[in-house]
Amino acid sequence: MTPPVPPARPHPRGTGRNPATGTSQTGARPPDATTRDESGESEQWQRLNRNTVWASTITAAGFAAGVAVPFVTGFVRGGSPAGPVLLISLGGVVLLTGLAAFADWMRWRHTRYRVTDERVELRYAWVLHTLRSIPRDRVRTVDLVANPLLRMFGLTKVKIGTGQQVTGQQSHLTLDPVVRARAEELRRLLLDRAPAAGSTEEPDTGPALATLDWSWIRYAPVSVTTPILGTAAFGAVMQVSDWIGVQNSVIQWVGDLFANTSIVVLVLALVVIGVLIGLLGSLGLFVEMWWRYRLTRENGTLLVRRGLLTTRSLSLEQRRLRGVDVVEALGTRLVGAARVDVVATGLKVRSDKDNTDPKTLMPAAPVALARRVAADVLQADPLAGVEIRPHPRAARTRRITWALYAAFGIAAVLAVLGLLLTTVLLHLAWIAALVLTPVAIALALDDYRNLGHGLSGDYLVTRYGTGSRHTVALVRGGIIGWTVRRSPFQRRAGLVTIAATTAANTGQYLVRDVGEQEGLRLAEEAVPGLLTPFLEPVGRRATAS
Amino acid sequence: MNEVVRLRPPRNRVERRAVTYWLTNELATVAVPTVILAVLALLIGPARPWLLLSMGIVLVVGLPYAVGVPFWRYRVHRWEVTEDAVYTRSGWLWQEWRIAPMSRIQTVDTARGPLEQLFRLSSVTVTTASAAGPLKIQGLDHELAADLVERLTETTQAHRGDAT
């Protein structure tokens, strides 16, 4: 089943190219016009940009140096003679950098790509020959990601994906890297399904659906990144000081600093410092991630451009769109903000290395605005004026029961341990019961309040979540099946959980703990005809809704 | 509109042999730890009471499950293929009804484990584009399963598009 590998010898034009092409706009292209077909595209194998070798060299050197510094400090502080340690480390850095540079040079030298009328292909031909080939009509995403180093050279990575759920070999390929202008050109070429009607470059760049409003930055500190970054900062200090062998002196130093104050002040001070770092961190992260954020629609493709240091330009074909998810995350919900996630087929559930999900279309913004953008994205407004129906009270009872079980469960474990081991745990047990019970019940009530569902035009709307609240609008045509689940407890309470399965995102959206009648009706109405043949009337005895 | 409805059971039961298959399967699952614990109890004198206690627990919990659940499952597991959809019911205490329209089916496969082969049984897996998992019909006669796969493949090929 291995695809035929084209001749492995480098293309004659590839070897004779001007090494300075990295700086020219169309450097990756052969200058010969006869090799192009009428769509303006060359069928010849082309090289990636050579400057990738420099970029990798600098990255490797930076990394090696970063490892070497704590290494040297550690040994020198440990009493080793500075000279030899320095020499060895320097040698290591040079060796590592050289290896990385060589490896990337080999990769660059033996990698070619081409775009033909039918396919996009990337081949690597040295020892291990690989060919990745994607039919052009399967291409669903062309994403451009450029880290600061690549940007220095005017380069960008291009990820070309088919939007398949399966993480198969042939589902995506990455051109790492090409010149920026070439990347933009590739995207236009690959995502523009319309048969090139003249090469008049006239991308239908409508007005932006959303651009960054700097006032949104006020929502950054209330996100979960603040506590995470705050805690991580202390961890990082401890870790680094451990590497360079000064952990004890750091602890000593902090101890001395607060020698004359009480433990309460010390803890408070540490918390304040942590919060401050978290605040700065989350603000910084927001700036890095959403700098020059712009959501546009071009030729039926949604485009998100953003990023300060690493620039990202993510594409999403409108026809892959199955809905939106307006997420009021725990913190932002309290201040009336929500972010907009997209519900679309072929999204990887988690993107590798990127800090945010690729599915986030818009950072936290005032709810009304988030909903407006969601509506603009869908070109319909299912969330406006939809009647979101609450679920039966039995659903609330279930949630309160879970809450009580959870709270008492923890208390009971503590109590049992307390009886066996020490009375301190007994006190902890009643404190836990006292504190956890109201918290758990509050969460349960919130969970119940958020439960709801409705139909709005072409969309099924389901709302759920405790703490964070999700309001999902899923296009009815995107529902590719139903799953109805019922536990013994739900059966007694007359509830079911209905899942609309879809090719988008995680594969299903749940309407949890809905009344059986209402749930079945909802499913029947949402996708007419699908469920109807499998329903049967029941005798009058059951309670009509 | 206001009459009370419920999901009707799918028309077809699975093979009666499936009960025997499930029984064998579950009993084997219980037998393995039981035998191991018994052997250990025989060999290791000092820990014998604890090992026997563990064995007892495994038997008390496992045996009723292994004997009871296959019959229960047989009553619940049902399937049906219409012109337009595949409809299944599975589970025992926790039950699940699943419906996949023909137009959204991507692949249809059969699978037969060694034990299933012994009972001439197959399971049919119907995959859609959803990442939430395929529909599975367990405990079909293997010839019936082969026919079913052929029929489903034919029907789904008639539908165009990428089923998303």
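Begin by selecting T155(B), which has 17 C-beta neighbours inside 10 Å and therefore counts as partly exposed. The model on screen is a predicted one, and that should be kept in mind at every stop of this tour. T155(B) sits in helix α4 of chain B, a helix that covers residues 142–158. If you add E83(B) to the selection and draw the C-alpha to C-alpha distance, you should find 8.2 Å in space, although T155(B) and E83(B) are 72 residues apart in sequence.

Staying in chain B, select residues 17–43, which form helix α1, together with residues 48–76, which form helix α2; these two helices of chain B pack at an angle of about 180°, with their axes 9 Å apart. α1(B) and α2(B) are therefore roughly antiparallel to each other. If you colour the contact of α1(B) with α2(B) by residue class, it resolves into 23 nonpolar, 4 polar and 3 charged residues.

Next, show both chains and turn to the place where they meet, where 31 residues of chain A are in contact with 27 residues of chain B. On the chain A side, the elements that give two or more residues are β18 (479–486), β19 (495–502), α14 (516–526) and β21 (535–537). Which of these elements gives the most to the side of chain A that touches chain B? It is β18(A), with 7 residues. By class, this side of chain A holds 16 nonpolar, 11 polar and 4 charged residues.

Within the same region, select β21(A) and then strand β1 of chain B, residues 5–7: the two strands run antiparallel and are joined by 3 bridges. To see one position in this pairing, pick E536(A), which stands opposite R6(B) in β1(B).

Now hide chain B and look at chain A as a whole, which has 14 helices and 21 strands. Of its 545 residues, 35% count as buried. Among contacts in chain A between residues at least 6 apart in sequence, 60% join residues at least 24 apart.

For the interior of chain A, select V324(A), A374(A), L474(A) and I498(A), the residues that touch the most other members of the largest nonpolar core, which has 104 residues. The largest share of this core, 6 residues, comes from strand β13 of chain A, residues 337–344. Centring the view on A374(A) and leaving aside its neighbours within four places in sequence, you will find this residue in contact with V324(A), V326(A), V340(A) and L383(A). Apart from that core lies another, of 26 residues, and V142(A), V145(A), L175(A) and L191(A) are among them. In soluble globular proteins, nonpolar side chains tend to be buried together.

Move on to the open sheet of 4 strands in chain A, whose order is β1-β2-β3-β4 and whose pairing is antiparallel. The edge strands of this sheet are β1 (46–47) and β4 (128–135) of chain A, each of which pairs on one side only. At the β1 edge, 2 bridges join β1(A) to strand β2 of chain A, residues 111–115, and selecting Q46(A) will lead you to its bridge partner in β2(A), Y113(A). Then display residues 82–110, helix α3 of chain A, which lies across β2 and β3 (119–126) of chain A and runs at about 130° to β3(A).

The last stops concern backbone geometry. Most residues other than glycine have a negative phi, and most peptide bonds are trans. Select D176(A) and P177(A), and inspect the peptide bond between them, which is cis, with omega near -10°; P177(A) lies in strand β7 of chain A, residues 172–179.

From there, go to N505(A), which is not a glycine and yet has a positive phi of about 45°. N505(A) is found in the loop between β19 and β20 (508–515) of chain A. Is N505(A) buried or exposed? With 27 C-beta neighbours inside 10 Å, N505(A) counts as buried.

Finish at D513(A), which lies in strand β20 of chain A and has a phi near 50°, a positive value in a residue other than glycine. D513(A) has 24 C-beta neighbours inside 10 Å and so counts as buried.

Key. Residues numbered from 1 in each chain as written. Chains lettered and ligands numbered in written order. Predicted model: local features only at pLDDT ≥ 70, side-chain atom pairs only at ≥ 80, totals over all residues. Buried ≥ 20, exposed ≤ 12 C-beta atoms within 10 Å, placed from the backbone. Contact = placed C-beta atoms within 7 Å. Nonpolar A, V, L, I, M, F, W, Y, C, P; charged D, E, K, R; others polar. Pairing = 2+ DSSP bridges. Core = buried A, V, L, I, M, F, W, Y, C linked by C-beta atoms within 7 Å. Axes fitted to C-alpha atoms, helices over the stretch in contact; angles between N-to-C directions. Parallel < 35°, antiparallel > 145°, perpendicular 65-115°, else oblique.
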